Amino acid sequence: MTFIEQFKKIMQDALPTFLENPFIKDCEAGRVDARALYTYIYQDNIYLDVYLPLFSKGLDNFDINSESLRQFEGDQETEPHLMLQKLADQKDPAAKKTITKEWLPATIGYLKHIQNSQQEGDFIFLCSLAACPYVYGYLNEKMIESGQITEDNPYYPWFDFYKGTDGQLTVDFMKVLEEQAEKVDADLQSRGLTAFYQAVQFESDFFAQAVEDRA
Ligand SMILES: Cc1ncc(CN)c(N)n1
């Protein structure tokens, strides 16, 4: 299997984990837990404040100027946050005041993982950055295609947004990764795959922590 085939297989193999994730199950059922949504948005703003500048650095390391990738550095995520916020506001606006303002464990762990990967070198860093667009692009596309998320589901606009934006990003990201993987040895490739695998696990934990904080 080529590097990119292995990369894609990690994502495919992780799909069942995401489908069992309580946050994603709520989405599939069209269930709105306002507190979980406010928590997710709050944690995601913390995450993106750190992640997006790192993403820019990751691209700079390889002189990458793809339009879709460079656009991702901007404020792309406001729109999907507003979609979730609207659902939460309609259900229970008072829940907003009850969320924790702490950095939750998966937020901290995921960001530390990316920063540690940065220390390991440019290629491993790039691999760790890929899960952020890839997971949402892949998962949301699969769930719409399979009919698990249909147009009458209140989360449909959120799924459709990421299916488009992060899906296209992933295509461009894969091209870059494929080119860079050819320039590194088998050991570095393998460490890059591990860094990506771990980032994918953090993506799942990140969704779940918003719901676990429900109590
Ligand atoms: C944690 C996380 N991962 C992915 C995405 C979507 N790019 C996001 N907004 N937040």
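The paragraphs below lead from the ligand and its surroundings to the packing of one helix, and then to several individual residues. The structure is a predicted model, and what is said here describes that model.

The ligand is a convenient place to begin. Its shell consists of Asp 44, Tyr 47, Glu 77, Cys 132, Pro 133, Tyr 136, Asp 166, Glu 203 and Phe 206. Two or more of these residues come from each of the helices α3 (34-60), α8 (131-145) and α10 (186-212), and it is α8 that supplies the largest share, with three residues. Sorted by class, the shell holds five nonpolar and four charged residues, while no polar residue takes part in it.

From the ligand one can turn to helix α7, which spans residues 122-129. Seven of its eight residues are buried, so α7 is largely enclosed by the rest of the structure. The buried residues are Phe 123, Ile 124, Phe 125, Leu 126, Cys 127, Ser 128 and Leu 129, and their cover includes α3, α6 (105-120), α8, α9 (156-181) and α10.

Two of these covering helices can be followed in detail, beginning with α3. The axes of α3 and α7 are 10 Å apart and make an angle of about 135°. Because angles over 145 degrees would count as roughly antiparallel and those from 65 to 115 as roughly perpendicular, the two helices α3 and α7 are therefore oblique to each other. The crossing in which α3 passes α7 is left-handed. On the side of α3 the contact is formed by Leu 54, Phe 55 and Gly 58, and on the side of α7 by Phe 125, Leu 126 and Leu 129. Five residues of this contact are nonpolar and one is polar, with no charged residue among them.

The packing of α7 against α10 has another geometry, which can be described in the same terms. Here the axes come within 7 Å and cross at roughly 30°. Since angles under 35 degrees count as roughly parallel, α7 and α10 are therefore described as roughly parallel to each other, and their crossing is right-handed. From α7 the residues Phe 123, Ile 124, Cys 127 and Ser 128 take part, and they meet Leu 188, Arg 191, Gly 192, Leu 193, Ala 195, Phe 196 and Ala 199 of α10. By class, this contact comprises eight nonpolar residues, two polar residues and one charged residue.

Some single residues add to this picture. Leu 54, which lies in α3, has 18 other C-beta atoms within 10 Å and is therefore partly exposed. Setting aside residues up to four places away in sequence, Leu 54 touches Ile 114, Gln 118 and Leu 129. The C-alpha atom of Leu 54 is separated by 32 Å from that of Val 32, although the two residues are 22 residues apart along the chain.

Ala 106, in helix α6, has 21 C-beta neighbours inside 10 Å and so counts as buried. Beyond its neighbours within four places in sequence, Ala 106 is in contact with Phe 202, Asp 205, Phe 206 and Gln 209; of these, Phe 206 also belongs to the residues surrounding the ligand. Tyr 47, another residue that surrounds the ligand, is 59 residues from Ala 106 in sequence and 9.7 Å from it in space, C-alpha to C-alpha.

Phe 207 lies in helix α10 and is buried, because 24 other C-beta atoms lie within 10 Å. Apart from residues up to four places away in sequence, Phe 207 touches Asn 21, Phe 23 and Ile 24. Its C-alpha atom is separated by 7.0 Å from that of Tyr 40, a residue 167 positions away along the chain.

Lys 25 and Asp 63 complete the walk. Lys 25, in helix α2 (residues 22-29), has 14 C-beta neighbours inside 10 Å and so counts as partly exposed; the C-alpha atoms of Lys 25 and Gln 118 are 33 Å apart, the two residues being 93 residues apart in sequence. Asp 63 is found in the loop between α3 and α4 (67-72), where it is exposed because 6 other C-beta atoms lie within 10 Å. The phi angle of Asp 63 is near 55°, a positive value in a residue other than glycine.

Conventions: Residues are numbered from 1 along each chain as its sequence is written. This is a predicted model: local features need pLDDT of at least 70, side-chain atom pairs count only at pLDDT 80 or more; totals for chains, interfaces and linings use all residues. A residue is near a molecule or strand if its C-beta atom, placed from the backbone, lies within 6 Å of it. Helices (H or I, at least four residues) and strands (E, at least two) are DSSP runs, numbered from the N terminus. Ala, Val, Leu, Ile, Met, Phe, Trp, Tyr, Cys and Pro count as nonpolar, Asp, Glu, Lys and Arg as charged, and the others, Gly among them, as polar. Axes are lines fitted to C-alpha atoms, for helices over the stretch in contact, and angles run from 0 to 180 degrees between N-to-C directions. A crossing is left-handed if the near helix is turned anticlockwise from the far one by less than a right angle, and right-handed if clockwise. Two residues are in contact if their C-beta atoms, placed from the backbone, lie within 7 Å. A residue is buried if 20 or more other C-beta atoms lie within 10 Å of its own, exposed if 12 or fewer, and partly exposed in between; C-beta atoms are placed from the backbone.
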